[in-house]
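Biologist: I would like to learn how to read a few features of this model. Please give the general idea before each case.

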Amino acid sequence: MNSLEATAETKTFKEVLSFIRSELKPKGKIFTPFTVISAPIILLGAFLVLYRLVRGLGAVTNLSQDFPWGIWIGFDVMVGVAFAGGAYVLTFVVYVLGSQKYHSIIRATVLNGLLAYIFYAGAIFLDLGRWWNIANPLFGNKFGANSVLFLIAWHFLLYMMAEFVEFSPAIAEWLGLRKVRRFLGSLTIGAVIVGIALSTLHQSGLGALFMMAKGKIHPLWYTEFIPVLFFVSSIFAGLSMVIFEGTISHRVFGDQIDHQDHASYHGIVVGLSRGCAVAMFVYFFAQLLIFIHGWHWALLNTPMGYWYLAEMLGLVAVPCFLFLQGARYGNLLIIRTAAILTLVGIIVNRLNISIIAFKWWIPLSERYFPSWMEVVITLAIILTEVWVFRWIVNRMPVFRKPPAWAEENH
Amino acid sequence: MGIDRRTFLKGLGVGVASLAPGSALLPARLEAGEVTVTKEFMGVLVDTTRCVGCRSCEVACAEANKLPSPDLGDTSALEKIRPTSIKQWTVVNRYKTEKGEVFAKKQCMHCNQPGCVSACLVKAMEKRKEGPVTWDTNCMGCRFCMISCPFDIPKFEYDSAVPKIQKCSMCWERLKKGERPACVEACPTETLTFGPRRELLEEANRRIYGESGKYVSHIYGENEVGGTGYLYLAGVPFEQLGFRTDLGKKAYPEFSKGFLYSVPIVLLLWPALLAGIHALTKREGEVKNKEGGEKR
């Protein structure tokens, strides 16, 4: 990796360009188990995307008139965005509350958030039947400003820009642009504040999309508080993802993390675990209140009721307790188990609301089940994101310490 | 949203008051706009006690909207309950009820405040001030309207690379020319009546009161989901005719209103609050630094 610490205060445009060109070349071994497995899936996914654009949604998806939204919305968007919630929670803690404890993981988290929005929110593009009209909510003279989806479309776009601004100092450091770095660094707190406000609204907004599906979502899951539940759950979903991603990153990119950050990592995970436990307790309690007020006792003793209990107890209450125990004893294994259970819980919850408990009266044989092509495209999206993440991490100071010249002002 | 658009229909009321075939929306009558302004959308009253299941409306609908014509010779079509589809904007179904076989025509209900319209982020779905809910090609194909429709009416062309949303438009094109919807025109038994919604409600009530025992005392669509343009009369409880009676009286856009109201509040309060907290914690850090405490 080229160290640019010795470069002058200002660089010419030409120098920057030639540097970027040299960085575009692959670094390290090309044929690793990860690339060998992921490359064919990504290629197949890309082909299927083309096929979908030429032949229409019906050619690759199992969507139907009864189930207009499948896993591209229910998983890619709903779950992907919830998992990306770590960025707004941690930027709040680090930049707004001024806690420096989590500073060493903030860049990886923001980068993850940014890429998640680009790829998973970008998955909406594939799901749009008339994708060439994708810019209509942004330009033109017919704005459906009363639509929750209108709000989400704008928020996704603005939030991506906010996260890009939050991450941009790392790009400037990579390119060795000192003045630019200083300017971008001064934008961070503004982007963070705007980003948190936007996140609050679109995390809950994703839940608000289902408000008008009243009568189509099983009463154990449909509540007017879905937006609030989506927001609160995005807090621990995001933090669990930070724990999960950190576990992998510390193995894969461990050589980039300096000794001091390695040492403080344990304390960070324990802190995140405590945060998860608190947020999950609030969430569980809210769910309990909603259930009691809904007066749905009789529904518990039905197959959907058992499924509801499995979600609320097995995938909310249990991991909440595990987080608490893990934090108390400083046991990373328990914390990681809890994080994985939590992530599964979020997947189950979002799929329940968008697909599984959606029109629950329709018999299994006529229900939506994703086609293999939908799954492959989703996998391809995830793997491409990992590729891009890896590419950036291997070049820019994400896990690595920023160059010395940038140290004093971040 | 719907309610605002009721400031509409300059004078169509007078023109439509007479329900003589073909004269419903004659432009000449529009001149009277300044004199009489009705406060209601146009709608259709469906009296299921009169329907004989001839499916003439299906054929007329297909013809008027350039859809494939259904085969009336194929009587097996009535064997099972059919939903509307991308090729059939209206269907007649046969239901076994406590009073024997009853036929009921189904299509878009043209809600007063439609969920699909408030779902649409590009206003491709539109509630026309005359009453119909129509679809336009600036649609993105997100299918949020399908999620938000309490009656599951919008249908999407999954098998097309240039897909459309297909649904009944109350023959919006014909209405603009002063004609009645094709299905109404075609009905041989006067099951269907086209007119201003308010007058249709009066007519429906008149029939319920006039012939005691013939009708259940319920006009489906009068209050359902805040009121719909299509109104139904029946001799049997509506559940037996495949209608959802658990939808409530609240207009569907109301369900996401609470969230939408919170948007400006959050956008105003959050930044102020966060900036305030930041100012406080930042100040703390500065003091610490001055006192020689640890940096950052």
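Modeller: What follows takes up one chain, a sheet in it, a chain contact and a helix pair. This is a predicted model, in which local features need pLDDT of at least 70, side-chain atom pairs count only at pLDDT 80 or more, and totals for chains, interfaces and linings use all residues. Residues are numbered from 1 along each chain as its sequence is written, while chains are lettered from A and ligands numbered from 1 in the order in which they are written.

Biologist: How many helices and strands does chain B have?

Modeller: Helices (H or I, at least four residues) and strands (E, at least two) are DSSP runs, numbered from the N terminus. Chain B has nine of each.

Biologist: What share of chain B is buried?

Modeller: A residue is buried if 20 or more other C-beta atoms lie within 10 Å of its own, with C-beta atoms placed from the backbone. In chain B, 42% of the 296 residues count as buried. In strand β1(B), residues 42-47, six of six residues are buried.

Biologist: Which residues lie on each side of β1(B)?

Modeller: In a regular strand the side chains alternate between the two faces of the sheet. In β1(B), Met42(B), Val44(B) and Val46(B) are on one side, with Gly43(B), Leu45(B) and Asp47(B) on the other, and all are buried.

Biologist: In what order do the strands of this sheet run?

Modeller: Strands of a sheet pair through backbone hydrogen bonds, either parallel or antiparallel. Two strands count as paired if DSSP finds at least two bridges between them. The order in chain B is β8-β1-β9, an open sheet of three strands with mixed pairing. Its edge strands are β8(B) and β9(B), each pairing on one side only. From one strand to the next the twist averages 25°.

Biologist: Where are the bridges of β1(B) to β8(B) and β9(B)?

Modeller: With β8(B), residues 192-196, β1(B) pairs in the antiparallel sense over five bridges. Met42(B) has Pro196(B) as its bridge partner there, Leu45(B) stands opposite Thr193(B), and Val46(B) is partnered by Leu192(B). With β9(B), residues 230-233, β1(B) pairs in the parallel sense over four bridges. On that strand, Leu45(B) stands opposite Leu231(B). As for burial, five of the five residues of β8(B) are buried.

Biologist: How many residues does each chain bring to the contact of chains A and B?

Modeller: Two residues are in contact if their C-beta atoms, placed from the backbone, lie within 7 Å. Chain A brings 48 residues and chain B brings 50. On the side of chain A, α9(A) gives the most, with ten residues. That side divides into 28 nonpolar, 15 polar and five charged residues. Here Ala, Val, Leu, Ile, Met, Phe, Trp, Tyr, Cys and Pro count as nonpolar, Asp, Glu, Lys and Arg as charged, and the others, Gly among them, as polar.

Biologist: At what angle do α5(A) and α6(A) cross?

Modeller: Two packed helices are described by the angle between their axes and the distance between the axes. Axes are lines fitted to C-alpha atoms, for helices over the stretch in contact, and angles run from 0 to 180 degrees between N-to-C directions. The axes of α5(A) and α6(A) cross at roughly 145° and come within 8 Å. Among the residues making the contact are Leu90(A) and Val94(A) of α5(A) and Ile106(A) and Val110(A) of α6(A).

Methods:
Buried ≥ 20, exposed ≤ 12 C-beta atoms within 10 Å, placed from the backbone.
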